[in-house]
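These are my notebook entries on a predicted model. I looked up the sheet and what packs on it, then the core, one helix with its two sides, and a few loop residues.

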Amino acid sequence: MNAPTHNAWLESVADEAEDQAAEKAKAVKIEREVHKLEKRLCRQVGQAISEFNMIEEGDRIMVCMSGGKDSYGMLDILLKMKQRAPVDFELIAVNLDQKQPGFPAEILPTYLKNMGIPFHIETQDTYSIVKDKIPEGKTMCSLCSRLRRGILYKVAGQLKCNKLALGHHRDDMLQTFFLNMFFGGKLKGMPPKLLSDNGEFMVIRPLAHVAEADLSRWAEHRQFPIIPCTLCGSQQNLQRVQIGNMIREWQKKFPGRIENMFSALQNVVPSHLMDAKLHDFKNLKITGLPSDEGDKAFDEESFEAPNVMASLQGVQVVKL
Ligand code: SF4
């Protein structure tokens with residue numbers, strides 16, 4: 001075999017140096033994007049906490065962990081917030097092992113132990129109860145989640161927690177809003193904070209402002225040991241799937257639509273809807289005074305074009 005010529009050798013050294021420089025530039029870019037993503041997640045969780053007064057001095061918060069990307073992300077960001085928070089509060093991670101076939105029971109305890117986080121695993125075979133009560137082929141989710149809720153409240157009481165944190169995000173909230181409108185005939189979403197139905201606990205959703213896509217990227221970056229959510233064998237809620245697809249299609253065709261719809265949830269005008277329980281239409285009287293609340297009855301509504309760049313802030317594509 002011929003030895004490479006001097007020029008060929010120089011060329012290969014130059015190529016290698018170029019490749020290394022490109023690799024380094026790529027690594028720097030990824031690091032920058034991850035840093036931006038982390039900042040955005042912390043800012044949005046902080047925004048929800050302060051806007052809805054979710055966390056107060058002395059709170060003992062049970063962080064509900066399903067083993068999905070959202071609950072891992074929630075715990076991760078809450079731990080970061082705790083380090084910088086001006087108030088002192090405690091976090092206890094809780095997972096309910098529902099005895100679904102193939103549930104990898106060691107994954108969460110191992111992860112939480114390694115992270116040094118206080119945690120509790122509650123084992124209750126709700127899977128058998130649901131299987132027993134619900135006929136084959138029917139969806140099991142409603143009974144399953146009712147049982148789960150009851151158990152989680154009981155565990156919160158035993159652990160002396162006053163709040164339960166759930167990992168629902170902005171996209172879950174929008175989906176729920178449309179589900180209620182399309183299938184339930186109600187203008188009703190998923191609140192960022194609500195009292196538990198037994199009145200004993202506050203339920204909070206610290207990811208209320210966070211986009212699902214950002215949670216997926218964070219999970220990929222942090223390499224969370226995700227537990228699949230299909231172990232129970234129940235069909236996914238087809239109506240929710242349908243709504244999710246609809247919202248994604250809209251966003252693709254009209255970038256910024258998700259952000260606008262989400263703003264709308266925080267900007268309700270009861271006097272311009274039709275719920276007489278929220279607005280006293282019957283007793284509305286002529287005042288003779290101009291009012292900004294009044295209708296410009298004959299004018300077409302006009303809307304500013306969405307600021308797509310600003311609205312895309314939450315859906316920035318980060319290749320990790
Ligand atoms: S998907 Fe399975 S685990 Fe989740 S609520 Fe439905 S039945 Fe329960």
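I began with helix H5 (residues 141-158), which lies across E1, E2, E3 and E4 and runs at about 140° to E2.

Next I traced the sheet itself, an open one of 6 strands in the order E3-E2-E1-E4-E6-E5, and noted that its pairing is mixed. I looked at its edges and found E3 and strand E5 (193-195) there, each with a single partner strand, so one side of each is left without a neighbour in the sheet. From one strand to the next, the twist averages 25°.

I then went through the pairings one by one. Strand E1 (residues 60-64) pairs with strand E2 (residues 90-97) in the parallel sense over 5 bridges, and within this pairing I found Leu91 of E2 as the bridge partner of Ile61. E1 also runs parallel to strand E4 (residues 163-165), to which it is joined by 3 bridges, and here Met62 stands opposite Leu164 of E4. E2 in turn is joined by 5 bridges to strand E3 (residues 119-123), again in parallel, and I noted Leu96 opposite Glu122 in E3.

The connections between these strands were my next entry. From E2 the chain crosses through helix H3 (residues 107-115) to E3, and this β-α-β crossover is right-handed. A right-handed β-α-β unit is also made by E1, helix H2 (residues 69-84) and E2.

Which residues have the most contacts inside the largest nonpolar core? I found that this core has 44 residues, and that Met62, Val63, Cys64, Leu164 and Ala165 are the ones with the most contacts inside it. Its largest share, 5 residues, comes from H2. I followed Cys64 further and, leaving out residues up to four places away in sequence, listed its contacts as Ser71, Val94, Leu152, Leu164, Ala165 and Leu166.

I turned to helix H9 (residues 257-265), where Ile258, Glu259 and Phe262 are buried. These three cover an arc of only 95° around the axis, which puts them on the same side of H9. On the other side of H9 I found Ser263 and Ala264, both exposed.

Is His279 buried, exposed or partly exposed? I counted 14 C-beta neighbours inside 10 Å, and because a residue is called buried from 20 upward and exposed at 12 or fewer, His279 counts as partly exposed. His279 lies in the loop between H9 and helix H10 (308-311). Apart from its neighbours within four places in sequence, His279 is in contact with Pro270 and Ser271. I also noted that Val269 is 10 residues from His279 in sequence and 9.6 Å from it in space, C-alpha to C-alpha.

My last entries concern backbone angles in two loop residues. Asn53, in the loop between helix H1 (6-51) and E1, has a phi near 45°, a positive value in a residue other than glycine. With 10 other C-beta atoms within 10 Å, Asn53 is exposed. Gln223, whose place is in the loop between helix H7 (212-222) and helix H8 (238-253), has a phi near 55°, again positive in a residue other than glycine. I counted 8 other C-beta atoms within 10 Å of Gln223, so I entered Gln223 as exposed.

Key:
Residues are numbered from 1 along each chain as its sequence is written. This is a predicted model: local features need pLDDT of at least 70, side-chain atom pairs count only at pLDDT 80 or more; totals for chains, interfaces and linings use all residues. Two strands pair if DSSP finds at least two bridges between them. Helices (H or I, at least four residues) and strands (E, at least two) are DSSP runs, numbered from the N terminus. A crossover is right-handed if, with the strands pointing away from the viewer, the path from the first strand over the helix to the second runs clockwise. The arc is that of the directions from the helix axis to the C-beta atoms. Two residues are in contact if their C-beta atoms, placed from the backbone, lie within 7 Å. A nonpolar core is a set of buried Ala, Val, Leu, Ile, Met, Phe, Trp, Tyr and Cys residues joined through C-beta atoms within 7 Å. Axes are lines fitted to C-alpha atoms, for helices over the stretch in contact, and angles run from 0 to 180 degrees between N-to-C directions.
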